[in-house]
Amino acid sequence: MDTSQKILKILKKNRIEFFTGVPDSVLENFCNSLTKLNKNKHIISANEGGAVSIAAGYNLSTKKIPVVYFQNSGLGNTINPIASLIHKEIYGIPMILFIGWRGALNIKDEIQHKVQGKITLEQLNLLNIKYKIFNKNSFNKQLKQLIKYSKKSNHPVAFLFKKGDLETVKNNKKNSKKYINRSHFISKLISISKRSKIIATTGFTSRELFQIRQKKENKIKNDFYMVGGMGHSSMVALGYSLGSKKQTVCLDGDGSFLMHMGALAISSKFATKNFKYILLNNSCHESVGGQPTAVDKINLKLFSESIGYKKYFILKDSKLIKHTLNLFIKSKGPSFLNVLINPGSLKNLMRIKNLGEIKKNFTS
Ligand SMILES: Cc1ncc(C[n+]2csc(CCOP(=O)(O)OP(=O)(O)O)c2C)c(N)n1
């Protein structure tokens with residue numbers, strides 16, 4: 001039995017059986033164990049604040065303690081419902097936060113995790129959240145203490161996990177090849193639309209674009225990689241497009257799109273004709289382990305048209321990339337392109353570095 005299974009067993013013994021959160025790579029194995037649960041026991045939320053709120057509602061109806069899991073990048077998203085709704089000085093709603101701690105002290109991590117990694121414990125302290133840092137020799141005891149404390153104090157508690165604390169299970173999933181490979185689409189996009197400025201979402205999309213550019217040219221001047229700020233790429237693109245006459249392409253993922261979906265209504269209301277939105281749609285959070293999103297519940301044509309996008313395109317077939325992209329780029333925006341992509345990414349993806357230089361080149 002691996003650690004995630006052991007943790008689930010301890011939780012079950014303590015009558016904790018409801019989970020909600022946003023998937024994270026540190027917690028990948030734990031998150032993937034949950035996807036086997038019934039849908040009234042586990043909800044993958046659009047964002048971390050939503051997960052805390054779902055958990056709060058669950059506690060109100062059952063009086064049971066829920067678990068909310070997320071990466072510390074999403075801690076900011078939880079602060080509003082924690083500090084203004086569920087805190088013990090307000091409604092006092094207990095829950096256990098499982099936090100994947102990127103940028104933890106003494107652990108090598110990417111630049112975008114440095115600041116959040118450093119302030120995570122301080123933020124928890126400010127919120128009066130008692131926490132424990134996972135210890136593989138005593139996690140059973142740690143967890144029981146946290147549960148007891150959360151119940152007694154009617155307040156959230158947190159359990160922090162660092163990279164490598166939970167075993168990674170080899171992914172033997174056979175990726176379907178029904179649609180288009182993301183890297184293939186990105187290569188075509190940058191060769192067809194050479195002068196477009198591209199704002200690319202967090203995770204594999206940015207990393208694939210970066211890698212493909214590295215191979216094609218030395219100086220990257222058209223791309224802005226959203227190494228953090230997941231869910232906000234369409235808003236960065238909107239702001240950019242308003243200050244520039246250049247074609248501005250937002251390359252988004254469906255997890256990121258759902259995270260702050262209201263942003264799309266704002267983009268269509270304020271964007272001008274140079275704003276182009278591309279959804280790289282694989283129906284999952286591929287960058288952190290492939291957990292499903294709820295994008296398949298949305299009719300994206302109706303959605304985009306109803307919020308005022310001028311044109312909607314869909315692309316599922318590699319053979320039509322060139323044709324569709326030409327129409328899309330030439331269309332008077334704001335335009336929406338839904339690209340159905342296969343899960344799976346380039347092998348040995350590079351990490352994005354030299355952010356200062358990337359910004360300087362992008363704005364020059
Ligand atoms: C606020 C926040 N929550 C969670 C994460 C962790 N995270 C990084 S990429 C990613 C999945 C993104 O999914 P999607 O947009 O569908 O793109 P895909 O990975 O499928 O390419 C998540 C959850 C994060 N970086 N920031």
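Here Ala, Val, Leu, Ile, Met, Phe, Trp, Tyr, Cys and Pro count as nonpolar, Asp, Glu, Lys and Arg as charged, and the others, Gly among them, as polar. Keep that in mind as we walk through this predicted model.

**Stop 1: the ligand and its shell**

Select the ligand and the residues around it. With the classes above, the shell divides into 11 polar, 6 nonpolar and 4 charged residues. Of the 21 residues there, Glu48, Gly255, Ser256, Cys284 and Ser287 come nearest, so colour those five if you like.

Now colour by domain. Where does the ligand lie relative to domain 1 (3-161) and domain 2 (182-363)? It lies between them, because both domains give residues to the shell.

**Stop 2: polar contacts**

Show side chains as sticks and pick glutamate 48: one of its polar side-chain atoms is 2.6 Å from a nitrogen atom of the ligand. Move on to arginine 182, where an N or O atom of the side chain is 2.9 Å from a ligand oxygen atom. Then select asparagine 282, which has a side-chain N or O atom 3.0 Å from an oxygen atom of the ligand. If you switch on a surface, note that the protein covers 95% of the 590 Å² of accessible area that the ligand has on its own.

Back in cartoon view, find helix H10 (254-259) and strand E11 (284-285), the elements that give two or more residues to the shell. Helix H10 provides the largest share, 4 residues.

**Stop 3: a β-α-β unit**

Next, select residues 311-315, 321-330 and 335-340. These are strand E13, helix H13 and strand E14, and together they make a right-handed β-α-β unit. Strands E13 and E14 pair in the parallel sense over 5 bridges. For one such pairing, pick tyrosine 312: its bridge partner in E14 is phenylalanine 336.

Which loop holds proline 334? Look between H13 and E14. The peptide bond joining glycine 333 to proline 334 is cis, with omega at about 0°.

**Stop 4: a backbone detail**

Finally, go to the loop between helix H6 (139-153) and strand E6 (156-161), and select asparagine 154 there. Its phi is near 50°, a positive value in a residue other than glycine.

Methods
Residues are numbered from 1 along each chain as its sequence is written. This is a predicted model: local features need pLDDT of at least 70, side-chain atom pairs count only at pLDDT 80 or more; totals for chains, interfaces and linings use all residues. Side-chain values use heavy atoms; hydrogens and water are left out. A residue is near a molecule or strand if one of its heavy atoms lies within 4 Å of it. A polar contact is a pair of N or O atoms within 3.5 Å; within protein, one must be able to donate a hydrogen and the other to accept it, and residues adjacent in sequence count only if both atoms are side-chain atoms. Accessible areas come from the Shrake-Rupley method with a 1.4 Å probe; for residues, only the protein chains shown count as cover. Domain bounds come from an automatic or database domain assignment. Two strands pair if DSSP finds at least two bridges between them. A crossover is right-handed if, with the strands pointing away from the viewer, the path from the first strand over the helix to the second runs clockwise.
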